[in-house]
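Me: Please take me closely through one part of this protein. I'd like to see how it fits with the rest, with every term explained as we go.

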Amino acid sequence: MASPARVDLDGNPIRPITICMIGAGGFIGSHLCEKLMAETPHKVLAVDVYSDKIKHLLEGPASLPWTDRIHFHRLNIKNDSRLEGLIKMSDLTINLAAICTPADYNTRPLDTIYSNFIDALPVVKYCSENNKRLIHFSTCEVYGKTIGSFLPTDHPMRQDPAYFILKEDASPCIFGPIEKQRWSYACAKQLIERLVYAEGAENGLEFTIVRPFNWIGPRMDFIPGIDGPSEGVPRVLACFSNNLLRHEPLKLVDGGQSQRTFVYIKDAIEAVLLMIENPARANGHIFNVGNPNNEVTVRQLAEMMTEVYSKVSGEPPLEAPTVDVSSKEFYGEGYDDSDKRIPDMTIINRQLGWNPKTSLWDLLESTLTYQHRTYAEAIKQVTSKPLAS
Ligand code: NAD
Ligand code: UDP
């Protein structure tokens, strides 16, 4: 029996399209490619400088149902004239390419600004000039600090959601001073959002802007010394995973008091698929994509990861599982932090009917099971090697 035709949220059949996905070899890109191959008829022109995280989709046996639907194009969008041709061949461009690791924002501020603003410019231009739809990945970091963070610590208004919930169409973007170069990333992302928005307003570009709120899951970043540089500092999930795998205490920057909401990558990818397949509902919008129910301090995240990792690995936790470090020591001069990030979900709910499903405990259980299975053996081998005399 033929499978029933796939329909969009308004009951219209979904036409197969070609997607130019820039940054397809990264964390989010790899999950999005997987989803598109397994569950849709769409084609992907996957653009990146790396392909390791999508190797399983590119190199599988010819019998795989998607062999003809995904093609990898190894190119750096900074300086490759093939980019415009790939955008012209596609119905939709999704731009994920960016430097988006906080350790880089204040140590490589120029690369951060170029990657998040300058390098994204031609993508926006080619989409606008060729009347192609664009889904651009921005960040929740564009909100910066909450209004409430400027109130005294014990002020009752700090408890009022009006002072901390982040709304796409109402909240201000509050960054720290220029010498706090952490904000160079947020500022570059904000300017490219404004440019995309202006292309929509003046030239009719069909766009959607995504603001991810700490999407986490398997394949995020790298484990230092195993599949990334030994001295590299990835985002918090990979930092804490690395500490757990090596039986070291988890490092809490400035006491781990900052708050974050974490969403499971597989939930978040559902939201992106809805945007792809419902252009009439997604065009012209900026969407928060996060899980407001999964809020913790970084300290609580460390404690929960320690407990979950002990369960999935069968290894007892350390007696002192965390250690405090200063941000200057951990990230260097010029680091600053977002205090609290709770997404307002009104717009994505109204336009796409999307809601996250997975609790923080469950998403950590499946993610840390993956981390243990993928890395524990490699770590054991590296750490058991005798030191060179
Ligand atoms: P990632 O680093 O895993 O993926 C980015 C990919 O882009 C990498 O594979 C990288 O090789 C590629 N890339 C970078 N510059 C390139 C260039 N010049 N040419 C070709 N390829 C290039 O990051 P991610 O977590 O998958 O994030 C994707 C997007 O989502 C980024 O724009 C990021 O700012 C945004 N974002 C993600 C999160 C999150 O929670 N993961 C949060 C906020 C924003
Ligand atoms: N952090 C930490 N220890 C680490 C890595 C990160 O305490 O080993 C903190 C970091 O200072 C920030 C939070 O964890 O407050 C989240 O950091 P991440 O790099 O994931 O990105 P962010 O959410 O700040 O963009």
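**A crossing of two helices**

Reply: Let's start with helix 1, which passes helix 9 in a right-handed crossing (the near helix is turned clockwise from the far one by less than a right angle; anticlockwise would make the crossing left-handed). Everything here comes from a predicted model, where local features need pLDDT of at least 70 and side-chain atom pairs count only at pLDDT 80 or more, while totals for chains, interfaces and linings use all residues. Residues are numbered from 1 along each chain as its sequence is written, chains are lettered from A, and ligands are numbered from 1 in the order in which they are written.

Helices and strands here are DSSP runs numbered from the N terminus (H or I over at least four residues for a helix, E over at least two for a strand). Helix 9 covers residues 265–277, and its axis comes within 10 Å of that of helix 1, crossing at roughly 65 degrees (axes are lines fitted to C-alpha atoms over the stretch in contact, with angles from 0 to 180 degrees between N-to-C directions). From helix 1, the residues that make the contact are His-31, Leu-32 and Lys-35, and they meet Ile-265, Lys-266, Ile-269, Val-272 and Leu-273 of helix 9 (contact means C-beta atoms, placed from the backbone, within 7 Å). By class, this contact has 5 nonpolar, 1 polar and 2 charged residues (Ala, Val, Leu, Ile, Met, Phe, Trp, Tyr, Cys and Pro are nonpolar, Asp, Glu, Lys and Arg charged, and the others, Gly among them, polar).

Helix 1 has a second role in our picture. Spanning residues 27–39, helix 1 gives the most to the shell around ligand 1, with 3 residues. In total, 24 residues surround that ligand, and the closest are Gly-23, Gly-26, Ile-28, Ala-98 and Cys-100 (a residue counts as near if its C-beta atom, placed from the backbone, lies within 6 Å). The shell around ligand 1 consists of 13 nonpolar, 8 polar and 3 charged residues.

Now look at the largest nonpolar core, which has 99 residues. Such a core is a set of buried Ala, Val, Leu, Ile, Met, Phe, Trp, Tyr and Cys residues joined through C-beta atoms within 7 Å. Buried means that 20 or more other C-beta atoms lie within 10 Å, exposed means 12 or fewer, and partly exposed is in between, with C-beta atoms placed from the backbone. Met-21, Ile-22, Cys-33, Val-44, Ala-46, Val-47 and Met-305 touch the most other core members. Val-44 has contacts with Ile-19, Met-21, Ala-24, Cys-33, Leu-36, Arg-69 and Ile-70, leaving aside neighbours within four places in sequence. In soluble globular proteins, nonpolar side chains tend to be buried together.

Ligand 2 offers a second shell to explore. Of its 15 surrounding residues, Arg-235, Val-236, Cys-239, Val-253 and Ser-258 come nearest. Helix 8 (236–245) and strand 9 (250–253) are the elements that give two or more residues to this shell, and strand 9 gives the most, with 3. The classes here are 6 nonpolar, 4 polar and 5 charged.

Strand 9 also leads us to Asp-254, in the loop between strand 9 and strand 10 (259–261). Most residues other than glycine have a negative phi. Asp-254, however, has a positive phi of about 50 degrees, and Arg-219 has one of about 70 degrees. Asp-254 is partly exposed because 17 other C-beta atoms lie within 10 Å, whereas Arg-219 is buried because it has 22 C-beta neighbours inside 10 Å. You can find Arg-219 in the loop between strand 8 (215–216) and helix 8.

To finish, here are two tyrosines. Tyr-309 sits in helix 11 (residues 298–313) and counts as buried because it has 25 C-beta neighbours inside 10 Å. Not counting residues up to four places away in sequence, Tyr-309 touches Leu-244 and Leu-368. Thr-367 is 58 residues from Tyr-309 in sequence, and their C-alpha atoms are 9.6 Å apart. Tyr-335 is in the loop between helix 12 (327–331) and strand 15 (342–343). Tyr-335 is buried too, because 21 other C-beta atoms lie within 10 Å. Beyond its neighbours within four places in sequence, Tyr-335 is in contact with Asn-106, Arg-182, Ser-327 and Lys-328.

Technical notes:
Two residues are in contact if their C-beta atoms, placed from the backbone, lie within 7 Å.
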